[in-house]
Amino acid sequence: MRLDKFIAQQLGVSRAIAGREIRANRITVDGEVTRNAAFKLLPEHRVAFDGNALAQQHGPRYFMLNKPQGYVCSTDDPDHPTVLYFLDEPVAYKLHAAGRLDIDTTGLVLMTDDGQWSHRITSPRHRCEKRYLVTLESPIAEETAAQFARGVQLHNEKELTRPAQLEVITPTRVRLTISEGRYHQVKRMFAAVGNHVVELHRERIGGIELDPDLAPGEYRPLSADEIASVGLPS
């Protein structure tokens, strides 16, 4: 990769501005000032900007984050803080959420810069399962599990939801597993049967379970097995 392109990516600036910083003697490669914007970077090169190391990326990145309430999953939002706040990673702005959560929903968010990988999670064709822990306003009705297994009619939707699995924990606390991702789907499913979601927490995407050791706002890289599990039956 050309040095100016690398600097532009790392600093989030244009190639022209990156070239200007290079010519201003602010960039070193292996400890030596480099003023050649077209310098060809190799993976083993050590690059620094004003003495601060800039890490080169080697391949796509995959993380799991335990999202707290009050944060949105977009990478840029003028009104709300985004989940990128928690990611202490080089060029974190290049990462995106593979399957977003609402601002008031907590739990598992997968962050990556691999578009094909995230597509296997979000594309309806792949039917990637998501499991949620749901707290309800009213006790769950006995027939709800059977209704969800058959599919329910959401407001302003033509087709029934795909069959979903409901596990009752307490009268007002359940687990719901769905295999599609319609807008506000879990909340709308319970609204369709006359109930209201008070709290919503995602526990699993495909075969990837939220790490119980991650406190809200904490994250970790995915393991090789977790990365490979996407798109496979859970």
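Two residues are in contact when they have heavy atoms within 4.5 Å of each other. With that in hand, let's walk through this predicted model, starting with one threonine. T144 lies in helix α4, which covers residues 144-150. Leaving aside residues up to four places away in sequence, T144 touches L166 and V193. Is T144 buried or exposed? The cut-off for buried is under 20% relative accessible area, and T144 has 1% relative accessibility, so it counts as buried.

Now jump to the start of the chain, where helix α1 spans residues 3-11. Its buried residues are L3, D4, F6, I7, A8 and Q10. Here's a handy piece of background: an α-helix has 3.6 residues a turn, so residues three or four places apart point the same way. What do the buried residues of α1 pack against? Their partners are another helix, α2 (15-23), and the strands β1 (27-29), β3 (47-49) and β4 (52-54). Just after α1 comes G12, which takes a positive phi of about 70°.

Next, let's look at the strands, with β7 (residues 106-112) as our base. Seven of the seven residues of β7 are buried, so this strand is largely enclosed by the rest of the structure. Which strands pair with β7? One is β5, which pairs with β7 in the antiparallel sense over six bridges. In that pairing, Y62 stands opposite T112 of β7. Another is β6 (residues 96-97), which runs antiparallel to β7 and is joined to it by two bridges. There, A97 stands opposite M111 of β7. Then there is β11 (residues 197-205), which runs parallel to β7, again with two bridges. If you want to find these bridges on screen, look for T106 with its partner H201 in β11, and for G107 with its partner R202 in β11.

From β7 we can step across to β11 and keep going. Strand β8 (residues 130-136) pairs with β11 in the antiparallel sense over seven bridges. One place to see this is T135, whose bridge partner in β11 is E199. Strand β11 also pairs with β12 (residues 208-209), antiparallel and over two bridges. In that pairing, R204 stands opposite E209 of β12. The strands β11 and β12 form a hairpin with two residues between them, and in this hairpin G206 takes a positive phi near 60°.

Time for some rings. How many aromatic pairs does a search of the whole structure find? The count is six. Take Y62 and W117: their ring centres are 4.9 Å apart and their planes sit at 70°, so the pair is edge-to-face. The cut-off behind that label is an angle over 60 degrees between the planes. Y62 belongs to strand β5 (residues 62-67) and W117 to helix α3 (residues 115-122), so this pair ties together parts that are 55 residues apart in sequence. Are these two residues buried or exposed? Y62 has 13% relative accessibility, so it counts as buried, and W117, at 2%, counts as buried too. Elsewhere in the sequence, Y71, Y85 and F86 form one aromatic cluster.

Let's turn to a residue with a polar side chain contact, E226. You'll find E226 in helix α6, residues 224-229. The side chain of E226 makes a polar contact with the side chain of R220, at 2.9 Å. Not counting residues up to four places away in sequence, E226 touches M64 and I208 as well as R220. With a relative accessibility of 13%, E226 counts as buried.

Finally, what about open space? The largest pocket has a volume of about 600 Å³. Of the 31 residues that line this pocket, which are the closest to its centre? They are R100, D102, G181, R182 and H184. The elements that give two or more residues to the lining are α3, β8, α5 (185-192) and β11. Among these, you have already met α3 as the helix that holds W117, and β8 and β11 as strands that pair with each other. The largest share of the lining comes from α5, with three residues.

Notes
Residues are numbered from 1 along each chain as its sequence is written. This is a predicted model: local features need pLDDT of at least 70, side-chain atom pairs count only at pLDDT 80 or more; totals for chains, interfaces and linings use all residues. Side-chain values use heavy atoms; hydrogens and water are left out. Helices (H or I, at least four residues) and strands (E, at least two) are DSSP runs, numbered from the N terminus. Buried means under 20% relative accessible area, exposed over 50%, partly exposed in between (1.4 Å probe, protein chains only). A polar contact is a pair of N or O atoms within 3.5 Å; within protein, one must be able to donate a hydrogen and the other to accept it, and residues adjacent in sequence count only if both atoms are side-chain atoms. Rings of Phe, Tyr and Trp (its six-membered ring) pair if their centres lie within 6.5 Å; planes under 30 degrees apart count as stacked, over 60 as edge-to-face and the rest as tilted. Two strands pair if DSSP finds at least two bridges between them. On a 1 Å grid over the protein atoms alone, a cavity is a set of points where a 1.4 Å probe fits but cannot get out, and a pocket is an open set with protein on both sides within 12 Å along at least five of seven lines; lining residues have an atom within 4 Å of a point. Grid points are joined across faces, edges and corners, and a volume is the space filled by probe spheres set on the points.
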